[in-house]
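Colleague: Got a minute to go through this model with me? I'd like to start with the DNA.
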Protein chains: 2
Amino acid sequence: MSICADQLRTIPERVFCQLREAIVEGEIPPGSRISEAELAARYGISRAPLREAISRLAAVGLIERRPNVGARVIELSADQLIDIFHVRESLEGTAARQAALRMDAEAVGRLRATLDEHAARMRQDGGQAYFQEAGDVDFHYQIIQGSGNHYLVKLLCHDLYHLIRMYRCQFGMRSKRGPAALEEHHAIVAAIERHDGDLAELLMRAHVRASRENVERMISEI
Amino acid sequence: MSICADQLRTIPERVFCQLREAIVEGEIPPGSRISEAELAARYGISRAPLREAISRLAAVGLIERRPNVGARVIELSADQLIDIFHVRESLEGTAARQAALRMDAEAVGRLRATLDEHAARMRQDGGQAYFQEAGDVDFHYQIIQGSGNHYLVKLLCHDLYHLIRMYRCQFGMRSKRGPAALEEHHAIVAAIERHDGDLAELLMRAHVRASRENVERMISEI
DNA sequence: ATGTGCTGGATTGTCGACAATATTAAAGAA
DNA sequence: TTCTTTAATATTGTCGACAATCCAGCACAT
């Protein structure tokens, strides 16, 4: 499951993904200036394709640009993270609702298989480590894709998740609610299987809300 | 109320707004190729700033790019419009909820004043003509801004509304449900004033859903 | 001492030219 | 005739250089 779904055939595409990764992982720290000349030299390319990559990063919201001044990696604020989680709760709720109406038996089967795999891996290594990243993302991606709503896919998978991952990396958050989350996932799949859109939305929103409240708790502990 | 909120100091900024307007209004028809050389000549600029504008248009989703081939204005499909309306319903519901919690008395007063102005103008010219564009947008923008959620503002005001406006222009839709919409607006404001987030979200979602169903009806009539 | 205006340096914005790629059409073989 | 191959052409992608703009530091006047 490549997060960088785009084909990275052209230079701006590749550099965009690399820079996004570097920013999300915190390798390029928040608030730091983006020097075009320096980055162009580092990646061994000219400034033209680099500028396009920067332009795309700005469109996604990972960096801020000021004319004739330059670009900076966005500063992190807890409030903005909460804002983003509200958006995510809203959108993923809708994704679950549409998925309940549009996913066929085969797609639901794949979803179930994913959860089984999660459960197995959780029994194996205690479950704590697994759930924060790829596993959880897999589950959510399948539902979002299952909604069949391309605009939702673009917003959630291409833009929002990277932002959330960035905050996660910066604040050093680990979710620690693996078992509870797995149970919630099962309930959501059951609702989708029954094609109960209302319930699927309700459960998904509660699930994301719990994750947000978990984040809020961790922030207040700092 | 300038829709192009950004300062258009730099050339790409200006051209981005001009092109977006041309695409939304249908002056550049859907599916048509975007020739860099031709547009650069028309706007009297070089290809470099034009490419940045095109890049931004692609990020917003108004055009599609294929490497080494070129950019085309997106094709319109009724299904995608419905998809977008689902997203809008979801996001504006959340905006109304947060606005109910965060808007102060003064902001609510401005909202009321806007509605009064709408009512007056509706009595004046029969109301049909007014409600599709600026007036309705004004009301929704105030609530979205009132949510205090910057990410919501970006998604709804900067990206989504232009898409919807584009579809409206292409399909030649007029809403024709002015009086009903005004009544719904009043109910939403009342909920916000009472700081009833649940109700505000419920009403806003119903309001947007009604708009979507209106659109679905018009589509099926074609 | 503080605020104002200027100058030097560095960075971003823009441009025209060249290289790489895809599409089209024609030409040849089955 | 139809499919494949190939060359021509036009378009996009990339580059290095130049122009425009901003910022820091300093001199100077108040």
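Modeller: Sure, we can take the two DNA strands and then one helix.
Modeller: This is a predicted model, so to speak, with local features needing pLDDT of at least 70 and side-chain atom pairs counted only at pLDDT 80 or more, while totals for chains, interfaces and linings use all residues. Residues are numbered from 1 along each chain as its sequence is written, chains are lettered from A and ligands numbered from 1 in the order written, and side-chain values use heavy atoms, with hydrogens and water left out.

Colleague: How many residues surround DNA strand D, and which are the closest?
Modeller: There are 23 around DNA strand D, and the closest are Ile11(A), Ser46(A), Arg9(B), Arg47(B) and Arg51(B). Near means that a heavy atom of the residue lies within 4 Å of the strand.

Colleague: What share of the strand D atoms within 4 Å of the protein belongs to sugar or phosphate?
Modeller: That share is 72%, and the rest belong to bases.

Colleague: Which base contact does Arg47(B) make there?
Modeller: A polar side-chain atom of Arg47(B) sits 2.8 Å from a base nitrogen of DNA strand D. A polar contact here is a pair of N or O atoms within 3.5 Å. On the phosphate side, a polar backbone atom of Ile34(B) is 3.1 Å from a phosphate oxygen of strand D, and a polar side-chain atom of Arg66(A) is 3.4 Å from a phosphate oxygen.

Colleague: Which element gives the most to that surface?
Modeller: H3(A) does, with three residues. Helices here are DSSP runs of H or I with at least four residues, strands are E runs of at least two, and both are numbered from the N terminus.

Colleague: OK, strand C. Which residues come nearest?
Modeller: Arg9(A), Arg47(A), Arg51(A), Ile11(B) and Ser46(B), out of 23 around DNA strand C. A polar side-chain atom of Arg51(A) is 2.4 Å from a phosphate oxygen of that strand. The side chain of Arg66(B) has an N or O atom 3.3 Å from a phosphate oxygen of strand C. H3(B) supplies the largest share of the surface near strand C, three residues.

Colleague: Switching topic: how far does H8(B) reach?
Modeller: Helix H8 of chain B, residues 178–193, spans 22 Å from first C-alpha to last, close to the 22 Å expected at 1.5 Å a residue. The expected span is 1.5 Å times one less than the number of residues.

Colleague: And what follows H8(B)?
Modeller: His195(B) follows H8(B), with a positive phi near 55°.

How values were computed. A polar contact is a pair of N or O atoms within 3.5 Å; within protein, one must be able to donate a hydrogen and the other to accept it, and residues adjacent in sequence count only if both atoms are side-chain atoms.
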